[in-house]
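The exercises below are meant to be worked through with the structure open beside the text. Each one sets a task and then gives a solution in steps.

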Amino acid sequence: MAKIVILGAGIAGHVAAAHLRRKLPKEHEVLVVSPNSNYQWIPSNIWVGIGRMKSEQILFPLPPLYKKKGIGYKQAKVTTFHPEGDAETPKPFVKVEYVTGDLKGQTEKVTYDYLINATGPKLAFDMTEGLNPGTNKAYSVCTYTHAEHAWQALNTLIQEMKQGKKSKILIGTGHAKSTCQGAAFEYILNVEKELRRHGVRDRAEITWIANEHQLGDFGMDGMLMSYGNNIMKSSEMVEMVFEDRGIKWIIGAGVNKIEDGVAHYETLDGEFHTETYDFAMLIPAFSGHGFKAYDKDNKDITDKLFRGFMIVDADYTPKPYEEWSVQDWPETYQNPTYKNIFAPGIAFAPPHAISRPRTSKNGTPISPAPPRTGMPSGITAKLVADNIIDMIKGKKDLHHKGSMGNMGAACIASAGYGMTQGSGVSITTFPIVPDYHKYPDTQGRKLGKTFGSIGLAGHWLKLALHYAFIYKAKMKPFWWLIPE
Ligand SMILES: Cc1cc2nc3c(=O)[nH]c(=O)nc-3n(C[C@H](O)[C@H](O)[C@H](O)COP(=O)(O)OP(=O)(O)OC[C@H]3O[C@@H](n4cnc5c(N)ncnc54)[C@H](O)[C@@H]3O)c2cc1C
C-alpha cells in the first residue's frame, strides 16, 4: 500500500488527485493538503473582476467531493519538508500547519511514500513597495476574493463616471519580473468593453503597462503566428487590438513603487516616470513560497529541493540567452535527489526565462518571467500521476514525459462578455518554449498550430472551457474524457 500526499488543490494538485484516485486501487491512500477548502477555476476570475460572474460560479467546496471520492483532505499548509524523515519519524514527511477550526495553528507530521508539490506560486505583492490588493487604489484578479474587490472598486468608479467624472485606468504588470501578462491583457479588454456597455468609455483613459519590451511578448518571447491567410507577429496583433479600442500602452516598464493612485516605474532606457490612476489592476511578481527542507539529522538541505520554486529534472546550468534550448526544460518534474518528490504546474523551478532577459540602462532587470498556464499545469500533473502509478507497480523508468518545448498552450482572452456581444482574442502557441532548431524560419514555433483569431467564437470557446473544466473538476460522470 502506498500513500501519496499532494500539496495544493489548484489546477495541478486537483488534477493529480483526481487521476490518482481514479486509477489506483482503494488500498492506496491519496491525501490532499491545501489551505483553501474551495477549488477555484482561476481563468474565470477575469469575469468576476468585471462583475459578470459571481465567485460562487467559479468555485466549489472540495471536502464533500473528496469524501465522496475517497480522497483524504487536510485544510492545512505545508511549512517544512523532511524527505529523509528525522530521528523520531524515520519515514519521509512534510510538516503541515492547520489553518482553521479547533486545530488552527497546530502542526502535524504527514508521512508519505510519494509527494506531489503543487503549491503554485506565492503572489509576491511584497516585492513591490505599496502594492497590496485593495490599497492605494490598486487591485488584483489573481484570486476570487481579489477579483471581487477589484469589481467593487471598478463599479464605484463606473458610477462616478456616470455622474461625469473623468478617470484613468491602469492595467498590467506590477513588478519588473512579473509574469501572467495574458491575464492582465484579458482583463484590460474586458474592462474596456464593460465601460462601453455602461456608456462611460469616453470618460476613461485606459493604459496598459508591462515589463514586456514589445507588446504581445507574453513572457514567451513573442511569436510569429498565422492570422487568417496572413502571417503576423503577436506584437502587431496586440497593437491592432489596442489601437482599435483606444488603449494606450507603456512597455519595457518595471513598476517599483505604488502610492495612492500613483505608479512609479523605470523603463528599459533607464528613465524613471510616474503614471497616475483612479483604478489599477497590477499582476504581482510570482515567487516560490520560501519553504525550508531538512535531512534526517535536521541539517538544512533547502538547496537540494528549492531554488525559489522546486528543483526538478531541468538543466539549471547558467547560460546566455543564445544558448538556451528546449532541452533545458523538464520532462518528468521529478526532484533529482529525492525521486519520490514531484512538482507539476507552477511549483517547479524553470531553468530560465523564455523571453530574452533585458536590463535597464541602470542595470535593473526588466523582462517577464516564464508563464506556466493552466493547460501545461494540468498536463504535467497528469503525467506525474501516471509516473507515480507506474512506480507503485514497480516500473523503474518514467515513461510519461512532457516538456513545455513540445507542448502547446491556448490563451483565449475573452474580450467582453455575452453570448452575442462577447468577443475573444485567441492566441494558440506551439510549442510554448520556442524550438529554434525544429522551426528555424518561424521564430521557433510551428505556423498553423501557432495562430491568432479575433471574434465571438473565442468568447464562446472560453465560456465552454469554463463549464467543461468545472464539470471535470467536480469529477462528474466521464470527467476524464475531457482533456487537460
Ligand atoms: C487571473 C488569471 C487568469 C488566468 N487565465 C488563464 C487562462 O485563461 N488560461 C490558462 O491556461 N491559464 C490561465 N491562468 C493561469 C492558471 O491559473 C495557472 O496556470 C494555474 O492556476 C496554475 O496551477 P497550479 O496548480 O500550479 O497553481 P495554483 O492554481 O496557484 O494552485 C496552488 C495551490 O496550492 C495551494 N497552496 C498554496 N500554498 C500552500 C501551502 N503552503 N501548502 C499547501 N498548499 C498550498 C493553494 O491554495 C492552491 O490550492 C490565469 C491566471 C490568473 C491569475
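**Exercise 1. Find which strand gives the largest share of the lining of the second largest pocket, and describe that lining.**

Solution. In this predicted model, the strand to look for is β21, residues 285-287, which supplies three residues and with them the largest share of the lining. Next, take the pocket as a whole: its volume is about 360 Å³, and of the 19 residues that line it, those closest to its centre are F286, F309, P350, A369 and P370. Finally, sort the lining by class, which gives 10 nonpolar, six polar and three charged residues.

**Exercise 2. Determine how many cavities of 30 Å³ or more the model has, and name the residues that line the largest cavity.**

Solution. Rolling a probe the size of a water molecule over the atoms shows where empty space is left. With the cut-off set at 30 Å³ or more, the count comes to one cavity, and the largest cavity has a volume of about 40 Å³. Its lining is made up of N117, T119, G120, G288, H289, F291, F306, G308, F309, M310 and A347. By class, this lining has five nonpolar and six polar residues, with no charged residue.

**Exercise 3. Trace the open sheet that contains β12, and place a helix against it.**

Solution. Begin with the order of the five strands, which is β11-β20-β12-β13-β16, with parallel pairing. The edges are β11 (138-139) and β16 (248-250), each of which pairs on one side only. Now look at one pair within the sheet: β12 (residues 167-173) and β20 (residues 279-283) are joined in the parallel sense over five bridges, and in this region G172 stands opposite L282 of β20. To finish, add helix α5 (residues 181-197), which lies across β12, β13 (204-209) and β20 and runs at about 170° to β13.

**Exercise 4. Do the same for the open sheet that contains β9.**

Solution. The order of these five strands is β5-β2-β1-β9-β25, and the pairing is parallel. At the edges are β5 (72-74) and β25 (341-342), each pairing on one side only. Strand β9 (residues 114-117) runs parallel to β25 and is joined to it by two bridges, with L115 having I341 as its bridge partner in β25. Helix α8 (residues 374-392) lies across β1 (3-7), β9 and β25, and its angle to β9 is about 175°.

**Exercise 5. Locate a cis peptide bond and a non-glycine residue with positive phi.**

Solution. Most residues other than glycine have a negative phi, and most peptide bonds are trans. Against this background, turn first to the bond between F430 and P431, which is cis, with omega at about -10°; P431 is placed in the loop between β27 (424-429) and β28 (451-455). Then turn to D221, which is not a glycine and yet has a positive phi of about 70°, and which is found in the loop between β13 and β14 (224-227).

**Exercise 6. Explain why the overall dimensions agree with those of a compact globule.**

Solution. First note the contents, since the protein has nine helices and 28 strands, and its C-alpha atoms fill a box of roughly 65 × 50 × 45 Å along the principal axes. A compact globule with 484 residues would have a radius of gyration near 23 Å, and because the protein has 22 Å, the two agree.

Methods. Residues are numbered from 1 along each chain as its sequence is written. This is a predicted model: local features need pLDDT of at least 70, side-chain atom pairs count only at pLDDT 80 or more; totals for chains, interfaces and linings use all residues. Side-chain values use heavy atoms; hydrogens and water are left out. On a 1 Å grid over the protein atoms alone, a cavity is a set of points where a 1.4 Å probe fits but cannot get out, and a pocket is an open set with protein on both sides within 12 Å along at least five of seven lines; lining residues have an atom within 4 Å of a point. Grid points are joined across faces, edges and corners, and a volume is the space filled by probe spheres set on the points. Helices (H or I, at least four residues) and strands (E, at least two) are DSSP runs, numbered from the N terminus. Ala, Val, Leu, Ile, Met, Phe, Trp, Tyr, Cys and Pro count as nonpolar, Asp, Glu, Lys and Arg as charged, and the others, Gly among them, as polar. Two strands pair if DSSP finds at least two bridges between them. Contact means heavy atoms within 4.5 Å. Axes are lines fitted to C-alpha atoms, for helices over the stretch in contact, and angles run from 0 to 180 degrees between N-to-C directions. The radius of gyration is taken over C-alpha atoms; the globule rule is 2.2 Å times the number of residues to the power 0.38.
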